[in-house]
Amino acid sequence: MKYLLREKKGEILVFLSTLGFGAMGVLARGVYAYHYPVLSTLSIRFLFATISMAIYMKWSGTSFRVSLDEFKLLLLLGIIGYSNFSILYFAGVKYTGAAIVALVFSGFPVFIAIFSKLIYKKPIGKKKSFFLFTSLLALVFLTGKHTHNVNVFGVFLSLTGSFFYAIYTMFLEHPKVKKIDPVVASFYIIFLTTITLFLHSLIQGQLLLPSNFQILWRLLTLGIFSTSFAILTYYMGVQYLGAIKASIMSNFEAVVSVFLAILFLGERLSLLQWFGAILMIVSIVFVTILKE
């Protein structure tokens, strides 16, 4: 009975995290409607996320202390990892639909499987190879010549973001990173990403403060709900469910993004794109299962 309650609790927490992450594209599109720059959107988003994470850590009594070596690793993750794929994901949303970007981005396990083969010489296997192929086929259905609602540059940006996210995810497997408390690691990655994005915004001359309440509430929601809350609920869910089941459930962030994009942005997918979307989600779930 206790196990079932823990499992249900974990499922609810991971589901809440998929809502947070899945809403990112829709909220970003809402901000861009007011001609607000991508870098400003990300800078203010991560600033709110940093503040809310710091409040949570102070309230829960979590120590901010990390060693110099740990800080260097987290600095690398923040500057090279999180900031890069965040810029690419949000820039992708600006150029093409939030649903398409989420589905293309969800293919990052494909890159992880390829990197594992090239770097660590891990065998891919026939079954995983089949699902890797079907995920590429799904990409063709989602973004091929038959589509009328897809911007090629936006797809390229989200695909490149997926590439960087795969690298970031593999860095998280570093033994020294795994020793750091997940909440502490998340705080420093978000905090260092905030600094990187603010500097980038200042250099590019794109740092603007929110000019109206419509932009402000979306940025607040992005920072608190779609960043710090989503990260915390996912980590808490992992503690109840374990990493394997939680990661499988998290693949459905793309489903949430598609649903919200259709509901709030009026985006539409063709019949072939729907087939591609289903094929992509099924393929990535199986790639994740077989990876473990």
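**Close-up views of an all-helix predicted model**

**View 1. The largest nonpolar core of the predicted model.** This core has 74 residues. Those with the most contacts inside the core are Leu74, Tyr82, Tyr89, Phe90, Ile100, Leu103 and Leu219.

**View 2. Leu219 and the residues it touches.** Leaving aside residues up to four places away in sequence, Leu219 touches Val31, Tyr36, Thr41 and Ile44. Arg45, Phe48 and Pro210 are also touched by Leu219.

**View 3. Another core, apart from the largest one.** Five residues make up this core. Among them are Phe108, Ile112, Phe115 and Ala166.

**View 4. The helices of the protein chain.** The chain has 14 helices and zero strands. From the N terminus on, the elements run α-α-α-α-α-α-α-α-α-α-α-α-α-α. The radius of gyration is 19 Å, close to the 19 Å from the globule rule for 292 residues, so the chain is as compact as a globular protein of that length. Along its principal axes, the C-alpha trace spans about 50 × 45 × 40 Å.

**View 5. Contacts and burial along the protein chain.** Of the 292 residues, 49% count as buried. Among contacts with a separation of 6 or more, 88% come from residues 24 or more positions apart.

**View 6. Surface and charges of the protein chain.** The chain exposes about 14800 Å². Carbon and sulfur atoms supply 71% of that area. The chain carries 24 positive and 9 negative charges. The mean positions of the positive and negative charges are 4 Å apart.

Note on methods: Residues numbered from 1 in each chain as written. Predicted model: local features only at pLDDT ≥ 70, side-chain atom pairs only at ≥ 80, totals over all residues. Heavy atoms only, no water. Helix = DSSP H or I, 4+ residues; strand = E, 2+ residues; numbered from the N terminus. Rg over C-alpha atoms; globule rule 2.2 N^0.38 Å. Buried < 20%, exposed > 50% of the residue type's maximum accessible area, 1.4 Å probe, protein only. Contact = heavy atoms within 4.5 Å. Areas by Shrake-Rupley, 256 points an atom, 1.4 Å probe, with all protein chains shown as cover. Lys, Arg positive; Asp, Glu negative; His and termini not counted. Charge placed at Lys NZ, Arg CZ, Asp CG, Glu CD. Core = buried A, V, L, I, M, F, W, Y, C linked by side-chain atoms within 4.5 Å.
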